[in-house]
Amino acid sequence: QVQLVESGGGLVQAGGSLRLSCAYSGSIFSINVMGWYRQAPGKQRELVAAIRSGGSTNYADSVKGRFTISRDNAKKTVYLQMNSLKPEDTAVYYCNADVLSASSWSYKDYWGQGTQVTVSS
């Protein structure tokens, strides 16, 4: 069984910073891509940033230059460093991983439980 556990959310003033962490565990053979998504009230879940097994990254236009995704394979953790936060960044942030594990013959999507980020103006 694969588990993703997020941490690091909270309340911060506009212009501040937060770092989210996503620790993954389980019988994992390979991870194709890991990403951070967010969902604000009344809106669809959207991709914020993703990092592939080779290290390439991509970001939503709204966060480019402010957010950085990184991965520490030794710690089995993916991070999202969020700087210059804006009120419109307020959302529940979810960790996602496309994983090949012992419980599946093909890559499968897994999600964390989400962590709330609130940016006050």
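The following exercises, each with a worked solution, examine the architecture, the core and two buried polar residues of one chain.

The structure is a predicted model, in which local features need pLDDT of at least 70 and side-chain atom pairs count only at pLDDT 80 or more, while totals for chains, interfaces and linings use all residues. Residues are numbered from 1 along each chain as its sequence is written, and side-chain values use heavy atoms, with hydrogens and water left out.

**Exercise 1. Overall architecture**

Determine how many helices and strands the chain has, and describe its overall dimensions.

Solution. Begin with the secondary structure: the chain has eleven strands and zero helices. Here helices (H or I, at least four residues) and strands (E, at least two) are DSSP runs, numbered from the N terminus. Next, consider the radius of gyration, which is taken over C-alpha atoms and compared with a globule rule of 2.2 Å times the number of residues to the power 0.38. The value for the chain is 14 Å, close to the 14 Å that the rule gives for 121 residues, so the chain is as compact as a globular protein of that length. Along the principal axes, the C-alpha atoms fill a box of roughly 45 × 25 × 25 Å.

Then turn to burial and contacts. Of the 121 residues, 40% count as buried; buried means under 20% relative accessible area, exposed over 50%, and partly exposed in between (1.4 Å probe, protein chains only). Contact means heavy atoms within 4.5 Å. Among contacts between residues at least 6 apart in sequence, 55% join residues at least 24 apart.

**Exercise 2. The largest nonpolar core**

Identify which residues of the largest nonpolar core touch the most other members, and which strand gives the most to this core.

Solution. A nonpolar core is a set of buried Ala, Val, Leu, Ile, Met, Phe, Trp, Tyr and Cys residues joined through side-chain atoms within 4.5 Å. The largest one has 29 residues, of which Met34, Trp36, Leu80, Met82 and Tyr93 touch the most other members. Strands that each supply at least two residues include β3 (18–25), β5 (46–52) and β11 (115–120). The most comes from β9, with five residues. As for Met34, its contacts beyond four places in sequence include Cys22, Ile51, Ile69, Val78 and Cys95.

**Exercise 3. Arg38**

Establish whether Arg38 is buried or exposed, and which side chains its own side chain meets in polar contacts.

Solution. First, locate Arg38 in strand β4 (residues 28–39). Its relative accessible area is 6%, so Arg38 is buried. A polar contact is a pair of N or O atoms within 3.5 Å; within protein, one must be able to donate a hydrogen and the other to accept it, and residues adjacent in sequence count only if both atoms are side-chain atoms. The side chain of Arg38 makes such a contact with the side chain of Asp89 (2.9 Å) and another with that of Tyr93 (2.9 Å). Tyr93 is also one of the core residues named above.

**Exercise 4. Asn96 and the β9–β10 hairpin**

Describe how β9 is joined to β10, and which backbone oxygen the side chain of Asn96 reaches.

Solution. A hairpin joins β9 to β10 through six residues. The two strands run antiparallel, with four bridges between them; strands pair if DSSP finds at least two bridges. Among the bridge partners, Asp98 is matched with Asp109 in β10. Asn96 lies in β9 and counts as buried because its relative accessibility is 5%. Its side chain reaches the backbone oxygen of Tyr110 at 3.3 Å.
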